[in-house]
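Me: I'm new to this structure and would like a close look at a single part of it. Could you take me through the largest pocket and the helices around it?

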Amino acid sequence: QGFFKKAEPLYINTIELNRKVKGGEHPDTIASLNNLAFLFLVQNELNEAEKLFKEVFQIWDVQLGEQHQKTLKALNNLARVNRRLGRFEKAESMFEKALGLRRQVLGENHPDAIRSMIDTAGLYLAQNRLDPAEELNIEALERAQHTLGDKHPYSLEALNQLAAIYESSQKLDKALEIRNLGFENRSQFFDRVLWVTGENTRQS
C-alpha cells in the first residue's frame with residue numbers, strides 16, 4: 001500500500017507534464033491516465049478509478065474504435081470498478097460486451113479474452129448465478145492452462161475462483177480437490193520465482 005501511495009504523485013506529475021507538452025489526448029498522456037486509474041483500482045479508490053477509466057475509454061473509443069484492444073481493456077476495467085461498487089447490472093453489460101468483442105477480435109485463447117472470462121464468471125458468482133459461473137470459469141481455466149500454462153497467474157486465479165463456485169454450490173469434495181491443486185500449483189510458482197530471484201542475486 002505504501003508503494004502505491006508513493007507512485008501516485010509520480011503518475012500525477014507525469015500526466016500534468018504530458019498534458020502541457022503533448023496535449024490531453026496524446027497517447028502518452030492517456031497511457032499515464034490509464035496507469036493512474038489502475039493504481040486507484042488496486043487501492044480500492046473506486047470513484048477516482050471510475051472517473052479516469054471513463055476518460056480513457058471515451059478517448060480511446062473515439063481515437064481507436066470500440067473494437068481496439070486498448071478500448072476493450074478500458075471497458076473491462078470500467079466493468080471491474082462497477083462490480084466493486086455493487087452496480088452488478090451495469091458491470092454485467094460491460095463485461096459481456098468486452099468478452100464478446102475480445103473473443104471476436106482477439107480470439108478465444110488470447111490472454112485478454114481469458115481475463116474477461118474470469119471477470120465475467122466472477123460477477124456471475126457474486127450474483128449467485130452458479131451454473132453460468134461454473135461453465136464460463138471452466139472454459140477460462142482450460143484456455144488459460146492450455147495457452148499460458150497451469151502456473152500462470154490467470155490459471156491460478158481461475159482455479160481459485162472455481163473452488164469458490166463449487167463451495168457456493170455445496171460441491172465441497174470438488175472444492176477441496178481444486179483448493180489443494182491450486183495450493184500445489186501456487187507453491188510451485190512461488191518456488192520458481194524465489195529460485196530465479198536467488199539466481200539473479202547470487203554472487204558469481
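**The largest pocket and its surroundings**

Reply: Sorted by class, the residues lining the largest pocket come out as two nonpolar, one polar and six charged. Bear in mind that this is a predicted model. The space in this pocket is about 180 Å³. Its lining is made up of Arg80, Arg83, Arg84, Phe95, Arg115, Ile118, Asp119, Glu157 and Gln161. Three elements each give two or more residues to that lining: helix 4, helix 6 (111–126) and helix 8 (153–168).

Let's start with two of those, helix 4 and helix 6. Their axes are 11 Å apart and the packing angle is about 20°, so the two helices run roughly parallel to each other. The crossing is left-handed. On the helix 4 side, the contact uses Gln69, Lys73, Asn76, Arg80 and Arg83, while helix 6 brings Asp112, Arg115, Ser116, Asp119, Gly122, Leu123 and Ala126. By class, that contact has two nonpolar, four polar and six charged residues. Some of these names should ring a bell: Arg80, Arg83, Arg115 and Asp119 also belong to the pocket lining.

Now follow helix 6 across to helix 5 (residues 88–106). Here the axes come within 9 Å and cross at roughly 155°, which makes helix 5 roughly antiparallel to helix 6. This crossing is left-handed too. Helix 5 meets its partner through Phe88, Ala91, Glu92, Phe95, Glu96, Ala98, Leu99, Arg102, Arg103 and Leu106, and helix 6 answers with Asp112, Ala113, Arg115, Ser116, Met117, Asp119, Thr120, Leu123, Tyr124 and Ala126. That contact divides into 11 nonpolar, two polar and seven charged residues. Phe95, from the helix 5 side of this contact, is also one of the residues lining the pocket.

Back on helix 4 (residues 69–84), there's another neighbour to look at: helix 3 (residues 46–64), packed at an angle of about 155° with the axes 9 Å apart. Helix 3 and helix 4 are therefore roughly antiparallel, and they cross in a left-handed way. From helix 3, the residues in contact are Leu46, Ala49, Glu50, Phe53, Lys54, Val56, Phe57, Trp60, Asp61 and Leu64; they meet Lys70, Thr71, Ala74, Leu75, Asn77, Leu78, Val81, Asn82 and Arg84 of helix 4. In class terms, that's 11 nonpolar, three polar and five charged residues. Arg84 is worth picking out here, since this residue touches helix 3 and also lines the pocket.

Technical notes: Residues are numbered from 1 along each chain as its sequence is written. This is a predicted model: local features need pLDDT of at least 70, side-chain atom pairs count only at pLDDT 80 or more; totals for chains, interfaces and linings use all residues. Side-chain values use heavy atoms; hydrogens and water are left out. Axes are lines fitted to C-alpha atoms, for helices over the stretch in contact, and angles run from 0 to 180 degrees between N-to-C directions. Helices (H or I, at least four residues) and strands (E, at least two) are DSSP runs, numbered from the N terminus. Angles under 35 degrees count as roughly parallel, over 145 as roughly antiparallel, 65 to 115 as roughly perpendicular and the rest as oblique. A crossing is left-handed if the near helix is turned anticlockwise from the far one by less than a right angle, and right-handed if clockwise. Contact means heavy atoms within 4.5 Å. Ala, Val, Leu, Ile, Met, Phe, Trp, Tyr, Cys and Pro count as nonpolar, Asp, Glu, Lys and Arg as charged, and the others, Gly among them, as polar. On a 1 Å grid over the protein atoms alone, a cavity is a set of points where a 1.4 Å probe fits but cannot get out, and a pocket is an open set with protein on both sides within 12 Å along at least five of seven lines; lining residues have an atom within 4 Å of a point. Grid points are joined across faces, edges and corners, and a volume is the space filled by probe spheres set on the points.
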